[in-house]
Amino acid sequence: MSFRGLSVLITYLIVAGCIFLILSVIISSVANEIKLADTDSLKNIALSLLSSGKEFIKGIASKLEQFGIKSANISEYQQKLLDWINSSTTDIATGAFSFVSNVGNAISKFLIAMVLSIYVLIDLDNLKKYWQKAAAALLRNRSYGAVSTFLKDADDCFSGYIKGQFLDACVMAVLVSVGLSIVNVKYSVLIGILTGIGNLIPYVGPIFAYGGTILACVVDGDFKKMLIGLIVVLVIQGLDGNFINPKLLSNSISVNPILVIIALLIGASTGGLMGMLVAVPVAALVKKEFDRFIAWREAKKLEKSGEMQ
């Protein structure tokens, strides 16, 4: 096996190990909570809800009879309600089947993409040589040099952005997990991992952080803990959005943190979610090309001043 093939194998083994670790943490957290659940309490809650539902229906029936609506009419309304429930159940089942099918398609596409990426990475040198040879044959020397420089700059900006975002996701996963663990919020590690993964996509990370905290505390019945947990998440999200994320991205793609924030604001206002995804690397690429242009203009001016002297 070549050195490149060995590197690709090690990389994918590390990725597979990380995925396995994340899934293990998620499954173990859920399993532990299920083990801690009191089945008798769950049964009593279900029976209580059923009894309350029956009493609620009886109360409505008695009130309707006071207004002159007879039992026959009530039965008709009940039948309509049952028909609606049946149709809704059918719709839900159809939606669930469609969701499962979409998940299956997504998994198959992911596996195909993984296999394709492995082949591309292993044969990357040959692919680069082929397209470099084709570009050199089709373009003039000056144009070929400009295109090669631009593609290298684009690769540096976009790959650096991905590295910075991945590092930010890891930092957020740790901070949210530790912060919620300090205030004893259930599923804190699970919420932290989901927040870190969601942080790779704008708006998704905060949804997992706030939504997971609210859901975990509501299930636990501790609203005071929920309020404290939301404050912790708010502080962490504020630090990430204003300091951590811009600093990590600026170090990865060599741009000022202020430019990162401005790029995100412009991207969000003009292109929404997609705009935020590409705003920072595009801004970094534009700045890099502008710096090259300034350097070229300065060199031209120095050349002209030298000729005049």
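## A walk through an all-helix chain

The secondary structure of this protein chain amounts to nine helices and zero strands, and the model you are looking at is a predicted one. Read from the N terminus onward, the elements follow the order α-α-α-α-α-α-α-α-α. Of the 309 residues in the chain, 21% are buried. If we take the contacts between residues that are at least 6 apart in sequence, 61% of them join residues at least 24 apart.

A good place to start is helix H5, which covers residues 141–182, together with helix H6, which covers residues 188–198. The axes of these two helices come within 7 Å and cross at roughly 155°. Angles over 145 degrees count as roughly antiparallel, and therefore H5 and H6 are described as roughly antiparallel to each other. Their crossing is right-handed. On the side of H5, the residues that take part in the meeting are Ala169, Met172, Ala173, Val176, Ser177, Leu180 and Ser181, while H6 contributes Ser188, Val189, Ile191, Gly192, Ile193, Thr195 and Gly196. Sorted by class, this contact between H5 and H6 holds eight nonpolar residues, six polar residues and no charged ones.

Helix H5 also meets helix H8, which spans residues 223–253, and here the axes come within 9 Å and again cross at roughly 155°. The same cut-off of 145 degrees applies, so H5 and H8 are likewise roughly antiparallel to each other. H5 passes H8 in a right-handed crossing. The contact of H5 with H8 has, by class, 15 nonpolar, eight polar and three charged residues.

Individual residues can now be placed within this picture, beginning with Val183, which lies in the loop between H5 and H6. Val183 has a relative accessible area of 19%, and because buried means under 20%, this residue counts as buried. Val183 and Lys225 are 42 residues apart in sequence, yet the distance between their C-alpha atoms is 7.0 Å. Once its neighbours within four places in sequence are left aside, Val183 is in contact with Lys225, Ile228, Gly229 and Val232.

Gln237 is a residue of helix H8, and with a relative accessible area of 13% it is buried. When residues up to four places away in sequence are not counted, Gln237 touches Met172, Thr195, Gly205, Pro206, Ala209 and Tyr210. Two of these names have already appeared in the meeting of H5 and H6, where Met172 belongs to H5 and Thr195 belongs to H6.

Phe208 sits in helix H7, which comprises residues 204–220. With a relative accessible area of 35%, Phe208 is partly exposed. Phe208 and Ile193 are 15 residues apart in sequence and 9.3 Å apart in space, taken from C-alpha to C-alpha. Apart from neighbours within four places in sequence, Phe208 is in contact with Ile191, Leu194, Thr195, Gly198 and Thr213. Thr195 therefore touches both Phe208 and Gln237.

Finally, the cysteines deserve a look. A disulfide is a covalent bond between the sulfur atoms of two cysteines. A search of the whole structure finds zero disulfides. Cys157 is buried, with a relative accessible area of 3%, and Cys217 is buried as well, with a relative accessible area of 1%.

Notes: Residues are numbered from 1 along each chain as its sequence is written. This is a predicted model: local features need pLDDT of at least 70, side-chain atom pairs count only at pLDDT 80 or more; totals for chains, interfaces and linings use all residues. Side-chain values use heavy atoms; hydrogens and water are left out. Axes are lines fitted to C-alpha atoms, for helices over the stretch in contact, and angles run from 0 to 180 degrees between N-to-C directions. Helices (H or I, at least four residues) and strands (E, at least two) are DSSP runs, numbered from the N terminus. Angles under 35 degrees count as roughly parallel, over 145 as roughly antiparallel, 65 to 115 as roughly perpendicular and the rest as oblique. A crossing is left-handed if the near helix is turned anticlockwise from the far one by less than a right angle, and right-handed if clockwise. Contact means heavy atoms within 4.5 Å. Ala, Val, Leu, Ile, Met, Phe, Trp, Tyr, Cys and Pro count as nonpolar, Asp, Glu, Lys and Arg as charged, and the others, Gly among them, as polar. A disulfide is a pair of cysteine sulfur atoms within 2.5 Å. Buried means under 20% relative accessible area, exposed over 50%, partly exposed in between (1.4 Å probe, protein chains only).
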